[in-house]
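Me: Hi! I have a structure open and would like to talk it through with you. Here it is.

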Amino acid sequence: MSRTVTSLTNPTVKAVRALHQRKTRDETGLFVAEGLKNVTEGVETGAVPQILLYGREAADHPLLKAAAQAAEAAGGEVIEVTQDILAKVSRRDNPQAVVGVFQQVFTPLSALEPRSAGCWVALHRVRDPGNLGTIIRTADAAGCGGVLLVGECCDPYSVEAVRATMGSIFAVPLVKASEAEFAAWRGAWPGSVVGTLLTAQTDHRSAAYVAPTLVLMGNEQQGLPPAMAALCDVNVKIPMRGRADSLNLSVATGIMIYAAS
Ligand SMILES: C[S@@+](CC[C@H](N)C(=O)[O-])C[C@H]1O[C@@H](n2cnc3c(N)ncnc32)[C@H](O)[C@@H]1O
């Protein structure tokens, strides 16, 4: 049975608020998904909310009831909270009426099956959570096998990144690898590894992509360093026709995913 909490000092409410900090997410292995759509995406893909907070206006929604049932069946907490608590938990004046806390999932590099999808994405030192979330969403939409986070990256389970995934956080396998681990693993890749460089001579439309294609994208500021570009079978450039010297990382990744798929 769900209970009602009105105090910001309630321990569960404090624990959910603390998940805005990466340190707490790393320590607990938990993350926050906001909104009934995102929470339902999680439940429909087999994830179970460990904590479910909801506002009065969502109480009778059948999708909330389904999520609450899944949470309670697994021993999770289901709590009706005030608008003020939802606003504080979300750090927004107009918060979503439902907030779920889920377990983070990372797939080990060794568990990947490259031939299970036509295209995969590797991001080197991605910094911006909005870019990362948008890329996860795009990878999901295009049917990519997974997103590899190479080197020190921002957290895909930050509130900002999860928001930008629009629910795809639950659908796309995520992998963390150091540069050395990636370099060793890449040696056995059965298709093309395609790097993206502003200085490349090959147009992304004329490269020969042998499936499964692994697209490697660079960091927002520095781009792809020479050592990473050297791991690729080919490095390509998306033509820049105006005055802009580069594309936003998530836009360039979207173009590359569809070109290589
Ligand atoms: C904002 S760009 C990085 C710009 C950086 N100053 C540089 O010199 O590469 C971020 C990443 O998006 C991709 N990218 C952006 N525009 C691109 C283009 N025109 N062709 C190929 N890749 C591009 C590359 O992976 C790049 O590392």
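Me: Let's start with helix H3. Which of its residues are buried?

Reply: Happy to help! In this predicted model, H3 covers residues 36–44, and its buried residues are Leu36, Asn38, Val39, Thr40 and Gly42.

Me: And what do those buried residues pack against?

Reply: Their neighbours are strand S2 (30–34), strand S3 (51–54), helix H4 (62–73) and strand S5 (98–103). As for its placement, H3 lies across S2, S3 and S5 and runs at about 35 degrees to S5.

Me: What is the backbone doing at Gly46?

Reply: Gly46 comes just after H3 and takes a positive phi of about 100 degrees.

Me: OK, on to the sheet. In what order do the strands sit?

Reply: The order is S1-S4-S3-S5-S2, five strands in an open sheet with mixed pairing. S1 (3–5) and S2 stand at the edges with a single partner strand each, so each has one side without a neighbour in the sheet. From one strand to the next, the twist averages 25 degrees.

Me: Which helix packs on the sheet, touching S1, S2, S3, S4 and S5?

Reply: That's helix H1, residues 11–18. The direction of H1 makes about 100 degrees with that of S3.

Me: Back to the edge for a second. How many bridges join S1 to S4?

Reply: Three bridges, and the two strands run parallel; S4 spans residues 77–81. Within that pairing, Thr4 stands opposite Glu80 in S4.

Me: Nice. What about H1 and H5, at what angle do they pack?

Reply: The angle is about 30 degrees, with the axes 8 Å apart; H5 is residues 83–90. An angle under 35 degrees counts as roughly parallel, and H1 and H5 are therefore roughly parallel to each other.

Me: Which residues make that contact?

Reply: From H1 there are Val13, Val16 and Arg17, and from H5 there are Ile85, Lys88 and Val89. By type, the residues of the H1 contact with H5 divide into four nonpolar, no polar and two charged.

Me: Let's zoom out. Where do the domains start and end?

Reply: Domain 1 runs over 3–103 and domain 2 over 109–260, according to an automatic or database domain assignment.

Me: What lies between them in terms of distance and contact?

Reply: Their C-alpha centres lie 31 Å apart. In terms of contact, 16 residues of domain 1 touch twelve residues of domain 2.

Me: Great, thanks!

Note on methods:
Residues numbered from 1 in each chain as written. Predicted model: local features only at pLDDT ≥ 70, side-chain atom pairs only at ≥ 80, totals over all residues. Heavy atoms only, no water. Buried < 20%, exposed > 50% of the residue type's maximum accessible area, 1.4 Å probe, protein only. Helix = DSSP H or I, 4+ residues; strand = E, 2+ residues; numbered from the N terminus. Contact = heavy atoms within 4.5 Å. Pairing = 2+ DSSP bridges. Axes fitted to C-alpha atoms, helices over the stretch in contact; angles between N-to-C directions. Parallel < 35°, antiparallel > 145°, perpendicular 65-115°, else oblique. Nonpolar A, V, L, I, M, F, W, Y, C, P; charged D, E, K, R; others polar.
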